[in-house]
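Visitor: I would like to learn how to read charged pairs and a ligand site in a model. Please take them in turn.

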Amino acid sequence: MTARAQLILANRAFLDHEAPRWADSPSTASSGGLLAAVRPVIQPWDGREGTTWIGVGMGRFDREWVDARGYEILETPRGPLRHRRLFFGSATWQGHYGEVANSFTWPLFHLVRADLPRLTGYYPAPQPPSSAGWQSFVLVNRAFAEAACEEDGAQTCWVQDYQLALVPAMLRERGYRGRIGFFLHIPFPALDVVRPYLSPEVCARLRTIVEGMLGADLVGLQTPADVERFVAAASELCGAREADGGLEVGGRRVRVGAYPVGIDPEEVLTAARRGRVATRVRQARELGLPVVVGLERGDFTKGIPERLRAIAEAYRQGLRFAYIGIASPTREGVEAYDALDRQLERDAARAREAAYWVGCPFTQVRASVGWEDVVALQRDADVVFTSSLADGMNLVPLQAAVAQSLRPADERAVVLAGVDAGVTRVFGGDGQDGLVGVDPLRQESMVEGLIAALEGRPVRISDRLIHLVRERDARSWGERFLGDLEEAC
Ligand code: F6P
C-alpha cells in the first residue's frame, strides 16, 4: 500500500475489552460495516511507525488494559496496532451516541428517497437534539480532534463516519497540518425528502454537520448518488460552489468522491471453510426445503418488518421454504431500537403462524451469533434475503457472494437487496449475477423477488459477481481513498 493513514479516528474502538486482563478469554471484536471495511487498511505498528486507531472506550474492562492516557498495543491478525481509547461519562455518551448520532443523524441520513417515518409506521422521525445532547456531541468530537493533534508528526488523519462529522473542521481550526480525510459509511440524505423535518434549529444542526465534513481535504461517500446529494446540501446550506472534482468553500478546495466500501474476502473464506452446517439448515434439507436467511443488526433501516410480511404472504401463497432470521442486538438503550424490537415480535408472530399452516420451519430471533455461524448460514442458504430501506452499502450481500463461492455455480444462492442499498447500485448490475434488487416499500416487489429467487429464476451468484467483490475489496477501497487524499493535498 503506497498511501498510509497514520491516524484512524472512529467512534468504535478496534475491539472492546469485555474480559479482565487476568482472564485469557479473547476480547470481542466490535460489529458493523465500518470495522469490516477499515480493518484491512491499518498498518502494523513497528514501535515508531504505523497506524494509530483512536476510538471510544465502550468495553466494560477497557480501563484495565490501557495506560493512563488510554493507549495500548493490540495484537491483531495483521500485526500490532497502536490504539488509544477516549473515555466519556454516561451523560455525555448518551447525548453524543444515543441522542445525536443514533436518534437524530442516523434516521435523518437514511431518508434518501421517501419519507420513511410516514410510509413504514415504525421508522422513527429524526429527533431534534436537545442543547445538552448537542453539546455532548460537540464535546466528543472535540476530544477526538484534540487527541489527533496530540499525535505529532501524523501526516494523515482519516476520520470515519457520521458520529465524528465535526472532527475535520475542528482539526483545521486547531491548525492540524496533516491531510484530513473523511468517509461517510452511511447514506447522505436528499434535501427535498428531509425538508419536512428541517425546522430552523434542525437545519442549523445539519448545516454544522455538513460544515464539519467540509473541513476535510477529501470527503468520501459510498455512491455517486450520495455524492450528488451531499454536493446539493453543501451548496444550499453552506454556499459551497461546485468545482472540478469537488467544491469551493470558504476559499478552500474540498475534493468529494464516491468510494464504495468492500470487504476482506479472506476473512469470509476462512470462516466459510470452517463454519459448521447449522442444525436448522440440516433439518430443512431433510425436509427437502430450500433455506432463506435474513441476517443483520436489528436496525430500523434494514426493512426487516417488510421482509417478514413478504415471507408471510409467500407462505400464504403456498410457497414452502425454511426461514432463518437473526437480528443482532444493536444500540441498546436507544429508544427507537426498543420500539423496533416490539414491531419485529408482531411481524414475526404473523409470519410464524403462516409458516405453521404450510408446515414449514420459521425462525426469527434477536441474538448475537458468532461470525463463523453467520458466514456458514450465508454459505448454505438458497436465498439470502436483505431488504434495507436505505443503506450506505450493506456488506451482507458481499459476504454472502464470497461465502457462496465454495459451492458449485448452479447450486449457489440468489441474493436479494433493497434498491436503495449501495450494494445494489454498485454490484447489482442488471440482476444477471445473482444479486437482485427489491423495493421494500412495495410488498409485491418483495414477494415476487422472493418467489423468483426460490425458483432460481434470476441467475444465481455468478463467478463474475464473486470476482468483482474480491477485486473491489476493502484493501483497494482504502488504497483508492488514501491515494486520492494524498493527491488532493
Ligand atoms: O456502518 C455504519 C455504522 O454506524 C458504523 O459506524 C458502525 O460500525 C456500525 O454501523 C454499527 O453501529 P454501532 O457502532 O453504533 O454499533
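**Salt bridges and the ligand site**

Guide: The count comes to 41 salt bridges, each a side-chain nitrogen of Lys or Arg within 4 Å of a carboxyl oxygen of Asp or Glu. This is a predicted model, in which local features need pLDDT of at least 70, side-chain atom pairs count only at pLDDT 80 or more, and totals for chains, interfaces and linings use all residues. Residues are numbered from 1 along each chain as its sequence is written, and side-chain values use heavy atoms, with hydrogens and water left out.

Visitor: Which parts does the salt bridge between Lys 302 and Asp 391 tie together?

Guide: Side chains of opposite charge can pair when their charged atoms come close. Here Lys 302 and Asp 391 meet at 2.8 Å, N to O. Lys 302 lies in the loop between strand S13 (291-297) and helix H12 (304-316), and Asp 391 in the loop between strand S16 (383-385) and helix H15 (396-404), so the pair links parts 89 residues apart in sequence. Helices (H or I, at least four residues) and strands (E, at least two) are DSSP runs, numbered from the N terminus.

Visitor: Is Asp 439 buried or exposed?

Guide: Buried means under 20% relative accessible area, exposed over 50%, partly exposed in between (1.4 Å probe, protein chains only). Asp 439 is buried at 9%, whereas its salt-bridge partner Arg 442 is partly exposed at 41%.

Visitor: How many residues surround the ligand?

Guide: A residue counts if one of its heavy atoms lies within 4 Å. The ligand has 12 such residues, the closest being Arg 12, Tyr 97, Asp 161, Gln 163 and Arg 331.
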